[in-house]
Structure formats: structure tokens, C-alpha cells
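Work through the exercises below with the model open beside you. Each task is followed by a solution in steps.

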Number of protein chains: 2
Amino acid sequence: MQLSNSSQYAIRILAYMADQKDSRLMNATELAETLSIPYKFLTKIMTELVKAGLVVSIRGREGGYKFKKKTSEIMVSDILDIFNDSVKDEQCVLGIGFCNGMCKCALHDQWMEPKHLLQKMFRESSLEDIAGEGCKI
Amino acid sequence: MQLSNSSQYAIRILAYMADQKDSRLMNATELAETLSIPYKFLTKIMTELVKAGLVVSIRGREGGYKFKKKTSEIMVSDILDIFNDSVKDEQCVLGIGFCNGMCKCALHDQWMEPKHLLQKMFRESSLEDIAGEGCKI
DNA sequence: TACAATTACTACTTAAAGGTAGAATTAAAA
DNA sequence: TTTTAATTCTACCTTTAAGTAGTAATTGTA
Ligand code: SF4
Ligand code: SF4
């Protein structure tokens, strides 16, 4: 009952990037060191974020990464989607999901509310929101 | 963001057992076939449930499994605990959890409510509840 | 007692997630 | 133009979850 490492890392990376005042380019070495994420794994994740269209990369000397969209327009759920980690509408608590609405177990209705809260939280929290408040994550 | 296979299987197995009227012994072969769970994997899980004290096993011919406690006294969270799959109090949404209360990200407070609902759901739903309602899972 | 039906144990295999290594590519700077 | 600092690609390694195989131990029944 937890997000994958990749999702966690991605959120931390992007939240850190969003937290920088100027939208300067940031390179993988700096990000890996600052956030204590294995360099090679970080670059792998960054490449996925580039492919997903969340950030753009500038290759070559003096290169790095920057956001493609405004941080207020990137939602946490957008990040989770990339790693197939978001809470789907049809997703059953038990991960079973071959029961229909007509025929539900005792958990079915109880799961609706937390599920909606989680979806709301992920869908309505932008990187700007996360970066703005509190300390770094 | 989902329970492990072992947890899912265990819940389904126990819910099915709880659903039987008489508290007869049920053997692994029957359970595996009825619930479409790989026989060998099922016996592995059953052994863990025995060790955890949820069910007792009778070995040898005419043997099988039966509950050790009343089904109204076995909570879903008891099952999740065995497979280390329950939602912990300290558990951060992001699985990071090196932030303290003083220094929280935008998700921190929003996570509290769904977390409590999940915990409540798992802690207050017994096998009897699940078995009684609706169809088999 | 011998047999058959059952769970328990030990060890292995497979699949997926997590992580690493090295070379190829790119482009600014010297 | 050469060097250097950066991303990207391909391939591999490691760890954990998931699943399988074979055998030992147990016990009711014939
Ligand atoms: S009835 Fe229960 S098992 Fe079936 S989809 Fe709903 S929550 Fe999942
Ligand atoms: S502040 Fe955010 S990252 Fe830190 S423990 Fe709370 S939810 Fe997790």
C-alpha cells in the first residue's frame, strides 16, 4: 500500500526543481547529490519525464533539465500516471476487481471515500503547491 | 498503490472460509480450485496464517484448516499485518517519511483523512462482515 | 500395519522492480 | 577544431515478490 520508488523519486525531483526561484537549468549530477538519489537511476527517471513531456532536456555542455509546462499546471497525478501508480476509478481495494456493483463485499462502499480523497489529492495538488509550502521533501 | 498478491489471496481465502455455514475443515486442494489460486502458493500462505494464529491446521488424512478465532474477531488489518501490508500511522503518502510535523509538504495534511479512513476500514471490518454481505470475492 | 490423504519444510525458478556500467550522442566553450 | 560537460541508449546486475517442485511428516481408515 505505497507508491513505487520511481514515483517517490520523481515527485521529490520535480518538487525540488519547482522550488528554485529562477527557472534555471538543473543537471543530473546536482539533482542526484542534493536529493540523495543514485545518479544512474535518476537519469533513467529523468529520461522518462522528458518522454512524458513534463520536462525538457538540453543536451551537451551547460545542458540540463527544465520544466516544459508551468509548475502550477503539473499535477502529482500526472507524475503517478507515468509510473502507472495512480489510483484508478475502477481499482478495487483488494486489487481483485472482478466483482461488479451489483455484487459487492463489505469493503466496497467503504473504499469509495478514501479512494476519492486520494484521487482528489493527487489530481488537485500541483508541483507549485508542493514546492511552495513547508520544507523540501 | 495496491495490496500485495499474498494479502489479496489471504483475504479471499479467509472470506471464503468464513462464508461456509458449518465450521467444517477445508483442505488446500478445495480452496485452491474454488478460488483459482495456485495450489502451492496457497499452501505457503496458509502456513503463514497458521503461524500467525488465525487458523489451525489438522494434518494427515481428513485434515484441513479451520479458524482458530471467531470470524467476527478477525479483522482485515490482522491479515494485512502478516504480510506487512497495513497502513502505518507514521506512513507518509510518498513513502518518504523523513519530514516531521513541523515541516510538512502540501500533501501531508491532505493525506491524513484518507489514511484514517483506510485504517478504520481495515481495522473495523471483520471476516464475518465481509463474508456475510454480497457475493464471494 | 500398510495405505492414502493431508499439511509442512526446503529449495529452487521466474518475473518484476530497482539499480548500475559503459559507450554513444550532443553542443557549448576554449 | 578539439575538448569537455552534459544527456541518452543499450545492456546488464541485484533484490524482492511471486510461483513451483519434491519430499518429509502426520494421521485417519481399511
Ligand atoms: S466488491 Fe469488494 S472485492 Fe469486489 S470490487 Fe468491490 S471492493 Fe473489490
Ligand atoms: S511532509 Fe510530505 S513528504 Fe514529509 S512526511 Fe508529510 S506527506 Fe510525507
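A polar contact is a pair of N or O atoms within 3.5 Å; within protein, one atom must be able to donate a hydrogen and the other to accept it, and residues adjacent in sequence count only if both atoms are side-chain atoms. By that rule, eight residue pairs are in polar contact between chain A and chain B, with both residues at pLDDT 80 or more. The model is predicted.

**Exercise 1. Describe the fold of chain A.**

Step 1. Count the elements. Chain A has six helices and two strands.

Step 2. Put them in sequence order. The pattern reads α-α-α-β-β-α-α-α.

Step 3. Take the extents. Along its principal axes, the C-alpha trace of chain A spans about 60 × 30 × 25 Å.

**Exercise 2. Find the symmetry that relates chain A and chain B.**

Step 1. Superpose the copies. A turn of 180 degrees, with a shift of 0.0 Å along the axis, lays chain A on chain B at an RMSD of 0.0 Å.

Step 2. Name the operation. The two copies are therefore related as by a two-fold rotation axis.

Step 3. Check the contact surface. Both copies use the same surface: 100% of the contact residues of chain A recur in chain B.

**Exercise 3. Characterise the interface of chain A and chain B.**

Step 1. Count residues. Chain A contributes 35 residues to the contact, and chain B contributes 35 residues.

Step 2. Get the area. The size of an interface is often given as the accessible area lost when the parts come together. Here the buried area is about 3,500 Å², and carbon and sulfur atoms give 74% of it.

Step 3. Look for charge pairing. The rule finds zero salt bridges across this interface.

Step 4. Assign the elements. On the side of chain A that touches chain B, α1 (5–19), α5 (106–124) and α6 (127–132) of chain A give two or more residues each. α5(A) gives the most, with ten residues.

Step 5. Sort by residue class. That side of chain A divides into 22 nonpolar, seven polar and six charged residues.

**Exercise 4. Map the protein surface around DNA strand D.**

Step 1. List the neighbours. There are 25 residues around DNA strand D; Ala28(A), Ser57(A), Lys40(B), Phe41(B) and Lys44(B) come nearest.

Step 2. Assign the elements. At least two residues each come from α3 (39–51), β1 (55–58) and β2 (64–67) of chain A, and from α1 (5–19) and α3 (39–51) of chain B. α3(A) has the largest share, four residues.

Step 3. Sort by class. The surface holds seven nonpolar, ten polar and eight charged residues.

Step 4. Split the DNA side. Of the strand D atoms within 4 Å of the protein, 64% belong to sugar or phosphate, and the rest belong to bases.

Step 5. Pick out polar pairs:
- A side-chain N or O atom of Asn27(A) is 3.5 Å from a phosphate oxygen of strand D.
- A polar backbone atom of Arg61(A) is 3.2 Å from a base nitrogen of strand D.
- A polar side-chain atom of Lys40(B) is 2.5 Å from a base oxygen of strand D.

**Exercise 5. Repeat the analysis for DNA strand C.**

Step 1. List the neighbours. DNA strand C is surrounded by 25 residues, and the closest are Lys40(A), Lys44(A), Gly60(A), Ala28(B) and Ser57(B).

Step 2. Assign the elements. α1 and α3 of chain A, with α3, β1 (55–58) and β2 (64–67) of chain B, each supply at least two residues.

Step 3. Sort by class. This surface divides into seven nonpolar, ten polar and eight charged residues.

Step 4. Split the DNA side. Sugar or phosphate accounts for 63% of the strand C atoms within 4 Å of the protein; bases account for the rest.

Step 5. Pick out polar pairs:
- A side-chain N or O atom of Arg59(A) lies 3.1 Å from a base oxygen of strand C.
- A polar backbone atom of Ala28(B) lies 2.8 Å from a phosphate oxygen of strand C.
- A side-chain N or O atom of Thr47(B) lies 3.2 Å from a phosphate oxygen of strand C.

**Exercise 6. Examine the salt bridges and the surroundings of Glu124(B)**.

Step 1. Take the total. Five salt bridges are counted over all chains.

Step 2. Inspect one of them. The side chains of Lys120(A) and Glu124(A) meet at 3.1 Å, N to O.

Step 3. Explain the spacing. Lys120(A) and Glu124(A) are four residues apart in helix α5 of chain A, so about one helical turn separates them.

Step 4. Move to chain B. Glu124(B) sits in helix α5 (residues 106–124) of chain B. Leaving out residues up to four places away in sequence, Glu124(B) touches Met75(B) and Asp129(B).

Step 5. Add a C-alpha distance. Glu124(B) and Val76(B) are 48 residues apart along the chain, and their C-alpha atoms are separated by 7.7 Å.

Technical notes. Residues are numbered from 1 along each chain as its sequence is written. Chains are lettered from A and ligands numbered from 1 in the order in which they are written. This is a predicted model: local features need pLDDT of at least 70, side-chain atom pairs count only at pLDDT 80 or more; totals for chains, interfaces and linings use all residues. Side-chain values use heavy atoms; hydrogens and water are left out. Copies are superposed by least squares on the C-alpha atoms of residues with pLDDT of at least 70 in both. Contact means heavy atoms within 4.5 Å. Buried area is the accessible area (1.4 Å probe) that two parts lose on being put together, summed over both. A salt bridge is a side-chain nitrogen of Lys or Arg within 4 Å of a carboxyl oxygen of Asp or Glu. Ala, Val, Leu, Ile, Met, Phe, Trp, Tyr, Cys and Pro count as nonpolar, Asp, Glu, Lys and Arg as charged, and the others, Gly among them, as polar. A residue is near a molecule or strand if one of its heavy atoms lies within 4 Å of it.
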